[in-house]
Amino acid sequence: GKYNCAAKFIIRVFEDGVVRHVPSEHKIREIEHYYPDTHIQIDVQEGQRLSDLKLQDSYSYGLGIVYTGAQNREELLQKYNDIKNELNLKIE
């Protein structure tokens, strides 16, 4: 493929809380456009309490998924961290 490595990253938090901000669909599409071949899926909505989410493990809460690729592991991790910061998910 186009990239030497790729990953499915699960955006997680490790404490319960209420979702206070999720990015708009428009913002998600902007991020995907800026990072070609990236797909972002957000699985929470504003106002949701994380402990009310179904199908979670016993120690963390999944907020969404980022699929992306890069030329090496370091670039891949940096890209994921940049994307996660741009998503600006807020849990209170």
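This report walks through the salt bridges, a helix pair and two backbone angles in a predicted model.

## Before you start

Since this is a predicted model, local features need pLDDT of at least 70 and side-chain atom pairs count only at pLDDT 80 or more, while totals for chains, interfaces and linings use all residues. Residues are numbered from 1 along each chain as its sequence is written, and side-chain values use heavy atoms, with hydrogens and water left out.

Helices (H or I, at least four residues) and strands (E, at least two) are DSSP runs, numbered from the N terminus.

## Salt bridges across the chain

You'll find five salt bridges here. The term covers a side-chain nitrogen of Lys or Arg within 4 Å of a carboxyl oxygen of Asp or Glu. One of the five joins the side chains of D37 and K2, at 2.8 Å from N to O. D37 sits in the loop between α1 (25–34) and β3 (39–42) and K2 in the segment before β1 (5–13), so this pair ties together parts that are 35 residues apart in sequence. K2 is exposed, with 60% relative accessible area, and D37 is partly exposed at 47%. For these words, buried means under 20% relative accessible area, exposed over 50%, and partly exposed in between (1.4 Å probe, protein chains only).

R20 and E92 also meet through their side chains in a salt bridge, at 3.2 Å from N to O. Here too, distant parts of the chain are linked: R20 belongs to strand β2 (residues 19–21), E92 to the segment after β5 (90–91), and their positions lie 72 residues apart in the count. R20 is partly exposed, at 45% relative accessible area, whereas E92 is exposed, at 64%.

## A network in helix α1

Over in helix α1, the side chains of R29 and E25 form a salt bridge at 2.6 Å, N to O. The two residues are four apart in the helix, so about one helical turn separates them. R29 is partly exposed, with a relative accessibility of 40%. E32 comes into the picture as well: salt bridges that share partners join E25, R29 and E32 into one network.

## How α1 packs against α2

Two packed helices are described by the angle between their axes and the distance between the axes. For α1 and helix α2 (residues 73–87), the angle is about 160° and the axes are 10 Å apart. That makes the two helices roughly antiparallel. Axes are lines fitted to C-alpha atoms, for helices over the stretch in contact, and angles run from 0 to 180 degrees between N-to-C directions. Under 35 degrees counts as roughly parallel, over 145 as roughly antiparallel, 65 to 115 as roughly perpendicular, and the rest as oblique.

Which residues of α1 and α2 meet? From α1 come K27, I28 and I31, and from α2 come I83, E86 and L87, where contact means heavy atoms within 4.5 Å. K27 is partly exposed, with a relative accessible area of 30%. Measuring C-alpha to C-alpha aside from contacts, K27 and N85 are 12 Å apart in space and 58 residues apart in sequence.

## Two positive phi angles

D37, already seen in its salt bridge with K2, has a phi near 65°, a positive value in a residue other than glycine. N88 is not a glycine either, yet has a positive phi of about 55°. N88 is placed in the loop between α2 and β5 and counts as partly exposed, at 33% relative accessibility.
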